[in-house]
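Student: Please take me closely through a single part of this model and then follow its connections outwards. I would like one continuous account rather than a list.

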Amino acid sequence: MEDIRQTKGWGGHLKHRGWKTVQLKASDGRHNMQAFILRLGWWPFSMMKVQRSNYDPDFKELAKIKRKYWVANSIIEPIKIQDPEAFRKAGYYLTGFPYLAMSTYINDLRKSEDTMWSELSENARRQINKNRETMAVEIEPKKFHEMWKKSSKIWTMTVEEIENLKKTYGKKVRLLVSKVGDEYHSGLMMVYSKDTANYYQTWTSESGRRSGAHYKLVWEEMLWAKNEGYKYFDFEGVFDPRWPQKRWKGFTEFKRRFGGELVRFPGGFFRWL
């Protein structure tokens, strides 16, 4: 799988937020990964994050880059680890406060549609069938943001951030809503990498919570991604007892009902200086 945080588009997305992208060699000497650096205000120091690479970094080169940019703290959040001892020798320890979710559900889109349908929970199939008349509509960033902000009680991206994400990824970002008559029930922001559909941001209105229309929206997007040749559908984070965010339990149950495989990442490895 190619995670969106290791794509060129993600570098453009973070640049809009003030981050600098640097290329870092992997320990195997054959691959590179993206690392992101943010200057800490007027201080000469910076912070760094290296996220969702399939390879261990070359820790000697990493040390050189950190010295060059005066990195005061850094975090590595890999998909997997080849050499745990190398992390320990480099001074990285497992933190209880990662930046990214430590687990996710991933659906294999290479399966047949019938198999995918059979792996949905009974509740998910019922909600999808109930919402057969619900339409999926692609909309522009300002309208998506307006409805998201109206429906959300917590953080939302700004219009400018959504527009920049669309600019850097082009057609690999899809902004979709479920529409019942003239009423919008839920929204879904998808970001696509080379082989993976990423369920990046979402919202549900009060009407949507009653109708269950979001099940139909997500199911249709899974089929769209499958038909476009994508291999995986990543639900982008679920509850993990290693980092217990209780408010995540509700949407974790929603994601579980789509029948994907639970994938646990190693976690976040942190170092000061």
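Tutor: Two residues are said to be in contact when heavy atoms of theirs lie within 4.5 Å, and with that in hand we can begin at L14, bearing in mind throughout that the model is predicted. L14 is found in helix α1, and its relative accessibility is 2%, so that L14 counts as buried, the cut-off for that word being under 20%. If the neighbours within four places in sequence are set aside, L14 is in contact with W19, F36 and K49. A further relation in space involves E161, which stands 147 residues away from L14 along the chain although the two C-alpha atoms are separated by 9.4 Å.

The helix that carries L14 leads us to the sheet. An open sheet of 6 strands, with mixed pairing, has the order β1-β2-β3-β4-β13-β5. Its edges are formed by β1 (20-25) and β5 (93-95), each of which has a single partner strand, so one side of each is left without a neighbour in the sheet. Direction ignored, neighbouring strands of this sheet are turned by 30° against each other on average. Helix α1, residues 8-15, packs on this sheet and touches β1, β2 (32-39) and β3 (46-51), while its direction makes about 0° with that of β2. Helix α2, residues 59-68, lies across β1, β2, β3, β4 and β13, and runs at about 150° to β1.

Within the sheet, the pairing can be followed from the edge strand β1 inwards. β1 and β2 pair in the antiparallel sense over 6 bridges, and in this pairing T21 stands opposite F36 in β2, F36 being one of the residues in contact with L14. The two strands form a hairpin with 6 residues between them, and in its turn G29 has a positive phi of about 75°. β2 pairs again with β3, also in the antiparallel sense, here over 4 bridges, and the bridge partner of L38 in β3 is M47. The hairpin of β2 and β3 likewise has 6 residues between its strands, and G41 takes a positive phi near 60° there.

The loop between β2 and β3 is also where L40 is found, and this leucine can be set beside L14. At 30% relative accessibility, L40 counts as partly exposed, whereas L14, at 2%, counts as buried. Leaving aside neighbours within four places in sequence, L40 is in contact with F45, S46 and M47, so that M47 appears both here and as the bridge partner of L38. Computed along the sequence, by contrast, L40 and Y105 are 65 residues apart, and their C-alpha atoms are 34 Å apart in space.

Further along the order of the sheet, strand β4 (residues 71-77) and strand β13 (residues 268-272) pair in the antiparallel sense over 4 bridges, and the bridge partner of I75 in β13 is F270.

Y105 brings us to another strand, β6, which covers residues 103-108 and is mostly covered, with 5 of its 6 residues buried. Strand β12 (residues 261-264) is joined to β6 by 4 bridges and runs antiparallel to it, with V263 in β12 as the bridge partner of T104. Strand β11 (residues 232-234) is joined to β6 by 3 bridges, again antiparallel, and N107 stands opposite F233 in β11.

E161, whose C-alpha atom is 9.4 Å from that of L14, falls within the residue range 159-169 of helix α7, whose axis comes within 9 Å of that of helix α6 (residues 141-151) and crosses it at roughly 140°. The two helices are therefore oblique to each other, and α6 passes α7 in a right-handed crossing. On the side of α6 the contact is made by P141, K142, F144, H145 and W148, and on the side of α7 by V159, I162, E163 and K166; by class, these residues divide into 5 nonpolar, 1 polar and 3 charged.

A second pair of helices can be put beside this one. The axes of α5 (residues 122-130) and α9 (residues 213-227) come within 8 Å and cross at roughly 95°, which makes α5 roughly perpendicular to α9. Here N123, A124, Q127 and I128 in α5 meet Y215, K216 and W219 in α9, and the contact has 4 nonpolar, 2 polar and 1 charged residues.

How values were computed. Residues numbered from 1 in each chain as written. Predicted model: local features only at pLDDT ≥ 70, side-chain atom pairs only at ≥ 80, totals over all residues. Heavy atoms only, no water. Axes fitted to C-alpha atoms, helices over the stretch in contact; angles between N-to-C directions. Parallel < 35°, antiparallel > 145°, perpendicular 65-115°, else oblique. Left-handed = near helix turned anticlockwise from the far one by under 90°. Nonpolar A, V, L, I, M, F, W, Y, C, P; charged D, E, K, R; others polar. Pairing = 2+ DSSP bridges. Buried < 20%, exposed > 50% of the residue type's maximum accessible area, 1.4 Å probe, protein only.
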